[in-house]
Amino acid sequence: METLAILGGRPVRSTPLTYGKQYIDEEDIQAVVETLKSDYLTCGPKITELEEALCQVTGAKYCVAVSNGTAALHIAAIAAGLGEGDEVITSPITFAASANCSLYCGARPVFADINPETYNIDPKAIRRCITPRTKAVVAVDFTGQAVALNEIRSICDKHHLTLIEDAAHSIGTRYNGRPVGSIADLTAFSFHPVKTVTSGEGGAVTTNDEALYKRLLLARSHGITRDRAQMTFPSDDPWYYEQITLGYNYRLTDFQAALLLSQLKKLKMFSARRKEIVAKYNEAFSNIPQIQVQKEIPESDTVRHLYILRIKCDMLTCTRREFFDALYAENIHCQVHYIPVYWLPYYEKIGYKKGLCPNAETYYGECMSLPLYYSLSDKDVDDVIRAVNKLIAYYRK
Ligand SMILES: *Cc1c(COP(=O)(O)O)cnc(C)c1O
């Protein structure tokens, strides 16, 4: 048996691999430089061009580009009309922003447990969380796999809830052939550098509903309108505008939009490579009893953002932490996605208690995200597989 690097052996590779990384080429750089030399750094033509491109990719009618994914969720929550006294059902296995967006509006997030195999929010758990105060569901396409949209859609229709999809992980994914972004009432995207396509910071919301679209536009830019039809005191003064709601400045810059437009041209290429890597990992890990791979649902044609292994510690002589550290020593730098949101100290402070979602808590004790991004070479992928196998061989009971 090979000696583990953490015990003084030779690491599987000499240079570290991170779990996620952007891919920027010369074309991306040129696109940004050209926009920097143009007349518009913000509020210019690249924003419109980007919003049209995102409508193309997602099949949505309307798109509003914003400064980041958190802002996207916030304006989606505003457009949904969330406020004081409302409850919003979401998953605990997500980034805090999926729940924070409800708190921003004075609404209360309610955490519904995950399916133990797909790790996405369980529609049965959603049903159990519904009360007369429930106003919306924020469903997160965790790792890029679409949530059970059919079932969740019909739950939302039945109870008159707004369906907000947090698609920070899932641009490019299709559900029953339809692209994510065209299915929920509002879909929020993030273009942070670890996500599949990036603008540095960036986000967007898509919708097919014109009324929601108008509210998104107001929320993005101070609640200000220059549309006469929306005004209380319409005026012909060319400088005239009205602030008709309370909004924010969540605008994206034109040079970020130019970067994202250039990245979107590579989305097919990025998606194909991510799928290839996922297939290699699945083949390597599916039949090892000491680890569990994420179940794939047939409805979702998934562009995976994260690849998750669950470490079955009852069949190993190590803890998840020891496995994580040993993999790190082999120069495979993993991550853990996510700490259940309601375990975060702020959430404890506002009254949430541990024990709420047992499946999520068990999942959190076992999960680890392996490197997954476009520029991983076959050799890199093999190194990851070799390192995991090396650890399993050492730690298996
Ligand atoms: C990244 C992410 C966000 C937030 O996006 P930012 O662009 O970082 O603000 C929201 N939800 C999920 C699930 C994410 O992964």
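Where along the chain is Y338 found?

1. Y338 and its peptide bond. In this predicted model, Y338 is found in the loop between helix 10 (320–329) and helix 11. The peptide bond that joins H337 to Y338 is cis, with omega at about -5°. Y338 also matters for the account of the domain contact, since with L267 and H305 it belongs to the residues of domain 1 that lose the most area to domain 2.

2. Overall form. The secondary structure of the chain comes to 13 helices and 15 strands. Along its principal axes, the C-alpha trace spans about 80 × 55 × 40 Å. The radius of gyration is 22 Å, which agrees with the value near 21 Å that a compact globule of 397 residues would have.

3. Domain layout. The assignment divides the chain into domain 1 (5–21 + 267–395) and domain 2 (26–264). Domain 1 is thus listed as two segments of sequence, and domain 2 as one. The centres of the two domains, taken over C-alpha atoms, are separated by 28 Å. To the contact, domain 1 contributes 40 residues and domain 2 contributes 38 residues.

4. Buried area. Between them, domain 1 and domain 2 bury about 3,500 Å², and 59% of this lies on carbon and sulfur atoms. On the side of domain 1, L267, H305 and Y338 together account for 20% of what is buried there.

5. Polar and charged pairs across the contact. There are 24 residue pairs in polar contact between the two domains, counting pairs with both residues at pLDDT 80 or more. The count of salt bridges between domain 1 and domain 2 is 1. E117 and K295 form a salt bridge in which the closest N and O atoms are 3.9 Å apart; the cut-off applied to such pairs is 4 Å.

6. Elements on the side of domain 1. Several elements give two or more residues to the side of domain 1 that touches domain 2, among them helix 9 (267–285), strand 14 (307–311) and helix 11 (345–349). Helix 12 (358–366) is also in this group, and with 4 residues it gives the most. By residue class, this side divides into 23 nonpolar, 9 polar and 8 charged residues.

7. Salt bridges in the whole structure. A search of the entire model finds 25 salt bridges. In one of them, the side chains of K266 and E27 meet at 3.8 Å, N to O. K266 lies in the loop between helix 8 (254–264) and helix 9, whereas E27 is in helix 1 (residues 26–36), so this pair ties together parts that are 239 residues apart in sequence. Side chains of opposite charge can pair when their charged atoms come close.

8. A backbone point to inspect. Which sign does phi of Y119 take, positive or negative? Phi of Y119 is near 70°, a positive value in a residue other than glycine. Y119 is found in the loop between strand 3 (108–111) and helix 5 (123–129).

Technical notes
Residues numbered from 1 in each chain as written. Heavy atoms only, no water. Domains from an automatic or database assignment. Contact = heavy atoms within 4.5 Å. Buried area = accessible area lost by both parts, 1.4 Å probe. Polar contact = N/O pair within 3.5 Å; in protein donor to acceptor, adjacent residues only side chain to side chain. Nonpolar A, V, L, I, M, F, W, Y, C, P; charged D, E, K, R; others polar. Rg over C-alpha atoms; globule rule 2.2 N^0.38 Å.
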